[in-house]
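This briefing covers strand pairing, nonpolar cores and unusual backbone geometry in one chain. Please look over the sequence and the model before reading on.

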Amino acid sequence: MLDTFNFPTPQTANYQEFFGGDQSNTKQTRTWVKPRGASMVRFMLIGAGSNGGNGNSTTGGGGGGSGAVTSWIGPAMFVPDNLVVTVGRVLGADTLIKYLSSNGENILLTATTGNGGGIPTAGIGASAMTANQFTACGIFTSIAGQNGATGSSTGAGASVSASATTFLSGGAGGSGGSANTGGSVTPNYGYTPLAATTAGGTVAGANGYFITQPIMVGVGGAGGTTSTSIGSAGGRGGIGCGGGGGGEDATTGGGRGGDGAVFIWAW
């Protein structure tokens, strides 16, 4: 197991991470087996971000909304020995942890996918999970995603500012009109912002990113730009984050939203 993002873990903890895999489908499904002797388990689920909207002949696209974040920590005795982990992808599947019993499929935890940007409307962030029977067995939180930003028909696309409630970001909006700039993205904690792109119609919006140290944060894609009859694509979102909207005339230019992820600790 590769500790891709260098998460800190309790000493002797078993830590596993699950990502979206290849680009051929809407989800990746794997199995998690509870380690022998575990006393506590922690789950963190991140829903996929969604795509930014394409521009059209008059208007830039809106940025995609980010996914929800769901966490649970509790005694291992309340966690089944075998679980199915489904990692949502940008095309619409939610991120899930399920238990398969003789009575069928039981969804224990969910982090839903954000909603895609339109023309010029912003994508809406994913809804938080509603508590269920399983969540009552431990400490549970679920946080809604951040909205993307709107596209423009007359100037720069709208920018995205850091959220006060989630570490994931929606995507910025694409620009409209001649040689205007795509929207920028400003993350939390002073991380490197994605500056507005000013090369009208020729340079795509900057791609977002996802990092965990020193503090976890995900960044959505910046908005695309436009000049006369040329629009550039929005940037791709980091894990769980929205893609940037395409600039005016970028008919296939909405940036791709980031896939979901699941992190599980047992000790």
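Two strands count as paired if DSSP finds at least two bridges between them. By that rule β3 (residues 40-46) and β4 (residues 69-75) are paired, because 7 bridges join them. The model discussed here is predicted.

**Sheet**
- An open sheet is formed by 5 strands, whose order is β1-β13-β3-β4-β8 and whose pairing is antiparallel.
- The edge positions are taken by β1 (14-18) and β8 (139-143); each has a single partner strand, so one side of each lacks a neighbour in the sheet.
- On average, neighbouring strands of this sheet are turned by 5° against each other, direction ignored.
- β3 and β4 run antiparallel, and F43 has W72 as its bridge partner in β4.
- In general, strands of a sheet pair through backbone hydrogen bonds, in either a parallel or an antiparallel way.

**Nonpolar cores**
- The largest nonpolar core consists of 20 residues, and W32, F43 and L109 have the most contacts inside it.
- At least two residues of this core come from each of β3, β5 (82-88), β7 and β13 (261-266).
- A second core, separate from that one, has 13 residues, including F167, L168, A261 and W265.
- Leaving aside residues up to four places away in sequence, F43 touches W32, T70, S71, W72, V79, L83, I97, L109, F134, F263 and I264.
- W72 is thus on the list of residues that F43 touches and is also the bridge partner of F43 in β4.
- W32 and L109, which F43 touches, are named with F43 as the residues with the most contacts inside the largest core.

**Backbone geometry**
- Most peptide bonds are trans, and most residues other than glycine have a negative phi.
- The peptide bond from I119 to P120 is cis, with omega near 0°; P120 sits in the loop between β7 (104-111) and β8.
- Another cis peptide bond runs from Q213 to P214, with omega near 5°, and P214 belongs to the loop between β9 (210-211) and β10 (217-218).
- Y189 is a residue other than glycine with a positive phi, near 65°, and lies in the loop between β8 and β9.
- Is Y189 buried or exposed? Y189 counts as exposed because its relative accessibility is 53%, and the cut-off for exposed is over 50%.

Technical notes
Residues numbered from 1 in each chain as written. Predicted model: local features only at pLDDT ≥ 70, side-chain atom pairs only at ≥ 80, totals over all residues. Heavy atoms only, no water. Helix = DSSP H or I, 4+ residues; strand = E, 2+ residues; numbered from the N terminus. Axes fitted to C-alpha atoms, helices over the stretch in contact; angles between N-to-C directions. Buried < 20%, exposed > 50% of the residue type's maximum accessible area, 1.4 Å probe, protein only. Core = buried A, V, L, I, M, F, W, Y, C linked by side-chain atoms within 4.5 Å. Contact = heavy atoms within 4.5 Å.
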